[in-house]
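Visitor: I would like a close look at one part of this model. Please start with the aromatic rings and work outward from there.

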Amino acid sequence: MSGWEKSSTARVIPPAMPRKLAKVPFVELADGRLQGVVSSGSDIERVYVSSVAAGTYAFACSTNNNRPCGGARGSFCNHIRALINEAVLQYGVEGVARYLRVETEASAESLAAAMAGTHPSSAGNQAAAPVFSRFLRHLSYLELAPTTTPLPEMQWFPPTRAGVADVLRHPLGSAEVQGTGLLAEPIAGLDEAMAAVDAFDRTLVGGLLRPRPAQAADLAEFADALAGTPLASGVAEAAEKAAAGAAGEDHCIALAAARTALLGSVHDALMDRVEEWTGRSRGEGAAPALAQRPSANALAAARSWLSDLARAGWRGIDHELVSGVAPVVSAMLPDPSLRRLATLLDGFAAELAACCPGATLERVPERRWADLWSRAILLTLPGAADVPVTGTATGRLLPLGVDLHEHPTAARAQVHAVFEPADGTAPRLVRAGVSVPKPDTVVGAGVWQLMRPHMALLSAVGEGRSMDITDMPITGEGDLVWHDEHARPGEPAEVFATARVALPAAHASVTAPLDRHPSAVAVPVFLEGYTVRNEDAMELTAAGCALAVDTDRIPAAGPLTADAVASSSACIGLLRWEAGMFVLQPLAVETTVRKKAVAIQAGAWAGGTTDKAGLRAEKAATDAAAVLRERAGRLLRK
């Protein structure tokens with residue numbers, strides 16, 4: 001497999017670009033159509049529902065109360081042309097052309113002309129009701145409450161600076177970047193474990209409904225890797241049933257659990273190597289056992305959909321299959337206990353929908369989609385998504401940086417910090433995060449604006465302050481369940497002083513069994529005195545150890561750039577493991593600007609900014625959010 005195919009965080013769909021929403025508040029590539037809602041120029045209460053079908057270019061345009069558009073008689077009306085223009089702004093001309101299967105990729109005008117030149121027929125107004133329903137669902141994300149409960153599934157959804165043309169690539173470039181030093185040395189048993197995982201992942205490409213001999217052989221290889229473990233008999237039975245095309249839901253769960261166990265062993269081996277390299281240890285203790293609760297209907301519906309997905313395989317997905325999960329997600333999202341699974345399913349389904357039909361895919365992100373599928377089907381087990389609080393924390397919190405994760409309908413900001421307990425015990429590494437549902441048109445600075453009111457810690461990061469916390473709930477994995485009433489701003493605390501003085505003595509927490517996965521490796525590290533090689537991909541060498549640098553994870557809505565990293569002299573980052581190697585994700589750097597040493601943080605705009613570029617982004621985001629809230633107020637509360 002290529003680096004992209006074996007990447008757990010492979011970028012599959014391009015990031016949505018900021019755009020003005022007054023004329024076209026909603027546009028999407030879904031259900032085999034370019035579709036959306038266009039505002040009427042003459043009546044603020046009226047909107048037009050417009051669509052163009054992929055391949056045939058059959059078009060439709062009517063009002064939200066089902067009256068046909070007078071301009072869409074025989075050809076594209078101005079509403080459809082406006083929809084095409086905004087789709088190109090949001091998804092890029094190449095992405096729109098690929099989805100609609102149009103040869104030209106020059107501009108929105110050439111796309112419209114090429115499709116209109118085939119003299120497409122009218123599609124009638126059958127799609128109007130479902131498209132308008134999707135628009136209302138799009139607006140409803142603004143009505144959902146944010147949460148500060150840990151949402152570890154967002155680790156699979158990093159931000160990306162990649163453009164449309166670059167999204168189907170490995171984030172570290174086309175060159176094979178190879179690290180050196182201790183982190184690059186082989187780990188006993190790792191290659192064998194990953195080979196077994198890859199064997200199972202290959203079976204999901206073609207699906208389990210009618211497995212071919214090669215898939216049966218891969219399933220047998222996978223089961224053999226679990227021989228001699230407590231899972232052996234269950235996995236062997238599930239693999240046998242899957243090879244015969246008779247896998248049920250329980251068999252899918254058994255296979256997903258075995259895959260997760262293998263990757264858990266890889267995670268533990270990687271963390272042992274990281275401890276050896278950093279000289280810091282993990283805390284001792286076991287994660288609390290999960291409570292058993294009755295199964296909810298929504299969980300059963302999600303499990304059924306995921307089993308159907310496994311039977312169809314990635315090459316067998318179509319719009320009808322993928323869209324089947326939408327009502328399940330809508331039912332789950334308002335329930336805090338189901339938010340983890342709902343958020344994961346929503347992001348997963350968006351990727352699958354963008355890649356339909358699966359039969360036409362040139363490449364498949366095998367490891368990533370198998371990761372998402374495995375985690376999702378295990379979260380359908382009652383109690384699996386619980387994140388129990390095991391105690392409270394009182395002391396001083398010293399932020400190190402902000403890590404952002406987002407997919408089209410959710411975002412999470414996670415602050416990594418050193419916690420100094422008030423009782424004088426050893427400092428420890430902790431995390432605190434806030435997650436928000438969002439419409440896919442809220443991007444960039446708009447994401448910070450949604451999070452900011454719910455977590456004062458974000459402002460403290462930008463201001464360079466510590467936070468004093470009292471009786472803050474904390475989980476066994478070191479995640480603070482943030483409540484602003486348990487925190488107050490503390491003394492100034494410069495992040496690089498924290499990294500130099502407090503970080504070396506801080507220990508990490510244990511990892512919950514379900515979260516033991518290589519993509520969950522995200523260890524704060526501090527490096528200085530290094531050299532940077534910046535060719536096809538960036539590589540940093542310090543103390544004889546070379547690390548690839550994943551600058552694509554740096555949020556676009558922030559002052560940190562790849563150029564700043566390349567010219568830096570010190571860096572705070574997260575040590576991650578991606579596509580078979582350790583990589584560094586920068587959170588903050590020290591560099592020289594106009595002969596002065598300055599610190600630049602990736603999440604510096606999280607709590608607000610006075611930076612000129614930041615202020616422009618903030619204003620654009622405010623305007624976009626205002627349009628959506630106005631539409632939500634008119635349409636959702638009628």
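**The aromatic cluster and its surroundings**

Guide: Start with two residues: both Trp305 and Phe348 are buried. Keep in mind that this is a predicted model. The count of aromatic pairs comes to nine. Trp305 and Phe348 make one of them, and its geometry is edge-to-face. The ring centres are 6.5 Å apart, with 80 degrees between the planes. Trp305 sits in helix H9 (residues 297-312), Phe348 in helix H12 (residues 339-354). The two are 43 residues apart, and their pair links distant parts of the chain.

Now take Trp314 and Trp369. Their ring centres are 5.5 Å apart and their planes stand at 70 degrees, so this pair is edge-to-face. Trp314 is in the loop between H9 and helix H10 (319-323). Trp369 belongs to helix H13 (residues 366-379), so the pair ties together parts that are 55 residues apart in sequence. How buried or exposed is each ring? Trp314 has 1% relative accessibility and counts as buried. Trp369, at a relative accessible area of 0%, is buried. Ring pairs join Trp305, Trp314, Phe348 and Trp369 into a cluster.

Step out to the core. The largest nonpolar core has 104 residues. Trp314 and Trp369 are among the residues with the most contacts inside it, as are Leu309, Met332, Leu345 and Trp373. Which helix gives this core its largest share? Helix H8 (residues 249-278) does, with 11 residues. In soluble globular proteins, nonpolar side chains tend to be buried together.

Trp373 repays a closer look. Setting aside neighbours within four places in sequence, Trp373 is in contact with Trp314 and Phe348, both met above. Its other partners are Phe200, Leu204, Cys252, Ala256, Leu306, Leu309 and Ala310. Apart from this core lies another one, of 48 residues. Ala128, Ala432, Trp448 and Ile474 are among its members.

Cys252, a contact of Trp373, raises the matter of disulfides. How many are there? The count is zero. Cys252 has 1% relative accessibility and counts as buried. The closest cysteine sulfur, in Cys356, is 19 Å from its own, so a bond is ruled out by distance. The cut-off here is 2.5 Å between sulfur atoms. Cys571 gives a second case: its relative accessible area is 2%, and it is buried. The closest cysteine sulfur, in Cys545, is 13 Å away, too far for a bond.

Follow Ala432, from the other core, into the strands. In strand E9 (residues 479-480), the bridge partner of Ala432 is Leu480. E9 runs parallel to E7, and two bridges join them. Strand E7 (residues 428-437) is mostly covered: eight of its 10 residues are buried. E7 also pairs with strand E6 (residues 410-421), in the antiparallel sense, over 10 bridges. In that pairing, Gln414 stands opposite Gly433 of E7. The hairpin of E6 and E7 has six residues between the strands. Gly424 in this hairpin takes a positive phi near 85 degrees.

E6 has a further partner. It pairs with E5 in the antiparallel sense over 12 bridges. A hairpin connects the two through two residues. Glu406 has Ala411 of E6 as its bridge partner. Strand E5 (residues 389-407) pairs with strand E8 (residues 465-475) as well, antiparallel, over seven bridges. There, Arg396 stands opposite Asp468 in E8.

One more sheet remains. Four strands form an open, antiparallel sheet in the order E1-E2-E3-E4. Which strands are at its edges? They are strand E1 (26-30) and strand E4 (59-63), each pairing on one side only. Neighbouring strands are turned by 10 degrees against each other on average, direction ignored. E1 meets strand E2 (residues 33-39) over five bridges, and Leu34 in E2 is the bridge partner of Leu29. Helix H2 (residues 93-100) lies across E1, E2 and strand E3 (47-53), at about 50 degrees to E1.

Note on methods: Residues are numbered from 1 along each chain as its sequence is written. Side-chain values use heavy atoms; hydrogens and water are left out. Buried means under 20% relative accessible area, exposed over 50%, partly exposed in between (1.4 Å probe, protein chains only). A nonpolar core is a set of buried Ala, Val, Leu, Ile, Met, Phe, Trp, Tyr and Cys residues joined through side-chain atoms within 4.5 Å. Contact means heavy atoms within 4.5 Å. Two strands pair if DSSP finds at least two bridges between them. Axes are lines fitted to C-alpha atoms, for helices over the stretch in contact, and angles run from 0 to 180 degrees between N-to-C directions. Rings of Phe, Tyr and Trp (its six-membered ring) pair if their centres lie within 6.5 Å; planes under 30 degrees apart count as stacked, over 60 as edge-to-face and the rest as tilted.
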